[in-house]
Amino acid sequence: MLLAIEDLHLSVPSPEGSRQILRGVSLDVSEGETVGLVGESGSGKSTTARAALRLLPERASLSGAVSVCGHDVAAGDQAVVRKVRSELAAMIFQEPRAVLNPVRRIGSSATERLVHVHGVAKDEARRRIAALFGEVGLDDTDRLLRAYPHQLSGGMLQRVVIAAALSTGPRLLLADEATSALDVTTQAEVLALLRRLQREREMGVLFITHDLQLAAAYCDRVYVMKDGAVVEHQKAGTIFVSPSDPYTKALADAVPRLPQRDDTMEASA
Amino acid sequence: MTIDDIGARTASAPVADRRRRSPWTFRACLAILGVAVAAAVFAPLVAPYAPDATDFSAIWAPPGPAHWLGTDQLGRDILSRVIHGARPSLLGAIALLAFATVLGVLIGVVAAWRRGWVDTVLARITDVMFAFPGLLFVVLIIAVFDRGPATAVIGMGLAFAPLIAKFTRAIALEELARPYVDAYRLQGVGGVQLIGRYLLPNLMPTLVGYLVVLFGEGLMSLASLNFLGFGAQPPSSEWGLMVQEGRAGVIQGVLGPALVPGLTIAVVVVATNVVGVRLSDKLAVRT
Amino acid sequence: MSEAVRVSGLTKTYPARRGGARVVAVKDVSFELARGESLGLVGESGSGKTTLARMLVGLARPDTGTIVIDGRTRQGKERGRAARLRRAKEVQMVFQDPYGSLDRRLSVEAALRDVLRRHLPDPAKETVRARISELMGHVGLSGKHLGSRPHELSGGQRQRVAIAKALAVDPAVLVLDEAVSALDVSVQAQILALLNRIRAETGVSLVFVTHDLAVVNEVTGQILVMYKGEAVERGATAEVLRRPRHPYTDMLLSSAPGPNWQPERVAELRAAFAGAP
């Protein structure tokens, strides 16, 4: 098991005493598996993902078990947390522009983890990143390494971030709305790429999204969260067909849909 | 918005904690400003002596029951002079700020609203104004007019205006980029009305916090000018001028006449800064 | 009776950043929209759909081409209060960002009153009040929200207020620029249903600017697909979405996540599309 979260409760102090953010969340991700975590704003899906890296709100109190590749993240000491964050898991976010320092060159940002955390020599790190850029479908790597974030499109930046995340060979990838800000065509491209990389490396992916349809189409299994609790857990293929929880059903019904295609284009192609 | 807001909120919390001074400091500073304003308003009622009442039998008297803070080289009561000095000192700073604000906000808002060449021209003008030290402005103006409180205020006002103009332009640009401004335009609201009735009130909270901090700076700059003799003239008991007149005593080893008004300036400036920073934190909460 | 909107030959270019040729944002776009109908303006970022929408409402000026709304040709150079108010009645817009599209100083009631005082022919207290409660009903907000300021409202409620403000002007056309993209799906569904109902009740024509084909499918009868500034496909929404004629529309449709979605196939399509002239 790459990621195992069991009965996770999380609360933060508030003016009225304390506010429950997570109420008994349990989920797991295995090798080579893509697991969707779906919910609307405030459902606690991002907090759950962040808890896997012990990126918790300040003064939060936590109970339950979180383990990554068998390492206890919830109770472990700093060394364990550092090992998980730097080697075993990586996280990518919705806004690549918010992650990359705007005044530093791509090459410097992308090799940061390798150089500063893993002690890889600068030249070697650049060589490795350049190779990864090729794998994520970015060409002209020399020019790219010297570019600044504002010179690249959102889709290209997200590829850069993915390459940087993969540079340390993580076993688990946490993707928090990683493609939500992209155009649908770019989103499909990035996801096709992510799927290939994941299969090659036998990585586990926790795919956090607000888009139930995307999760159903892309993931193997899907968890649905509401108000800090998991309300549904199913195979992705059946979640629209037979949702067991009324909330999932409401969510599925609310999703705007496209009409059935007449596949004339495909016939002619 | 699908990102949980918890992370963002907690990430900013420690920063806010550090910037927020403990409430008692804030309250003490507020009290200091209250005393200063009260002194300015009620000076004749609360001061034990007239500010220009000389007593040649008590020149450079040390603090005592008759003169709590001692007397100066003409035997004038220092406490009374400091209390009376509050009015010209504070009024001077207010006048300076009012003048600079009107000019600066006008330039800043027009530059942000019109953009293009208007913005460029105004930016060049403020840059040129920026390049001159405030003192130079005053010297120039004194060369044309004469020395006096009004000259000092106008000169310093011209030096402060570009600061306010740049600040206003920056926050106005940010505000104008918000879609509600476009919504007002589409409703048929004209430019002047949009600026006066909707834009300025929305800029006010941010602007006021900034102006309060500038007030302390203005007070100090005016005091320096008066110290140099460019502004208020004797027998005024403006604080900067008092420090200047008190220098004679410092040589003789009598520190009071210079130290008391000097400390008063320092305390009031620090108090306005504390209050201003706190105020701008509170007011500038944007939704 | 003429159409609500008739646009012909609309072109807009922007100066390139460093000399060079001008960047074409919108190129020779024409379309019509009948009264009480709704049109979806779809495309990816950079397709020119937002520029087109901003020209439609008058926030951007076209280089060439004409826009006729509600039977009157829109001109950029009209001045004076009367002209401004008349233009306002022709078209209004609801913006994407529910946080920035309301004046944060004004309560819901104050914001609506502000619009109504400007636009009602008889701005007496009672008529204004009656119209406010009517508008609140239209957008499905209860009276208890009248005193609320924007920061006290949820994203969905803010968008409802923004719609109410736009409707307060009683425009012939309402342009919605990604107005539901930032909302959760359940809220999104409510707002879309609301807009459908408002169109039926008031006869206002709607233009939805969005990247989301499924949203367009839910609420529009006509569709205009934009790609690199040009209108590549136009027609009845149901028809275009079932049988896309232009390869770009086909690719967009294949990209939308759904039952038979294959990201790998989209990537192939896109690569082929980029290679095509």
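This briefing walks through the fold of chain C, two surface patches and two unusual backbone angles. The model is predicted, so local features need pLDDT of at least 70 and side-chain atom pairs count only at pLDDT 80 or more, while totals for chains, interfaces and linings use all residues. Residues are numbered from 1 along each chain as its sequence is written, chains are lettered from A and ligands numbered from 1 in the order in which they are written, and side-chain values use heavy atoms, with hydrogens and water left out.

**Chain C as a whole**

- Chain C has 10 helices and 10 strands; helices (H or I, at least four residues) and strands (E, at least two) are DSSP runs, numbered from the N terminus.
- Its C-alpha trace spans about 65 × 45 × 40 Å along the principal axes.
- The radius of gyration of chain C is 20 Å, which agrees with the value near 19 Å for a compact globule of 277 residues; it is taken over C-alpha atoms, and the globule rule is 2.2 Å times the number of residues to the power 0.38.
- Of the 277 residues of chain C, 54% count as buried; that means under 20% relative accessible area, with exposed over 50% and partly exposed in between (1.4 Å probe, protein chains only).

**Patches on the surface**

- Over on chain A, positive charge gathers in a surface patch made of A:R105, A:K122, A:R126 and A:R146.
- Patch members have over 30% relative accessible area and no salt bridge, with like charges joined within 9 Å and nonpolar side chains (Val, Leu, Ile, Met, Phe, Trp, Tyr) within 5 Å.
- A salt bridge here is a side-chain nitrogen of Lys or Arg within 4 Å of a carboxyl oxygen of Asp or Glu.
- One of the patch members, A:K122, sits in helix α6 (residues 122-135) and counts as exposed because its relative accessibility is 60%.
- Chain B brings a nonpolar patch: B:V37, B:V41, B:F42, B:L45 and B:V46 together have about 490 Å² of accessible area, worked out by the Shrake-Rupley method with a 1.4 Å probe.
- Within that patch, B:F42 belongs to helix α2 (residues 23-46) of chain B, and at 42% relative accessibility B:F42 is partly exposed.

**Backbone angles to look at**

- Most residues other than glycine have a negative phi.
- A:D140, though, has a positive phi near 55°; A:D140 is in the loop between α6 and α7 (141-146) of chain A and is partly exposed at 45% relative accessibility.
- C:D28 isn't a glycine either, and its phi is about 50°.
- You'll find C:D28 in strand β2 (residues 23-33) of chain C, where C:D28 is exposed with a relative accessible area of 54%.

Methods
Lys, Arg positive; Asp, Glu negative; His and termini not counted. Charge placed at Lys NZ, Arg CZ, Asp CG, Glu CD.
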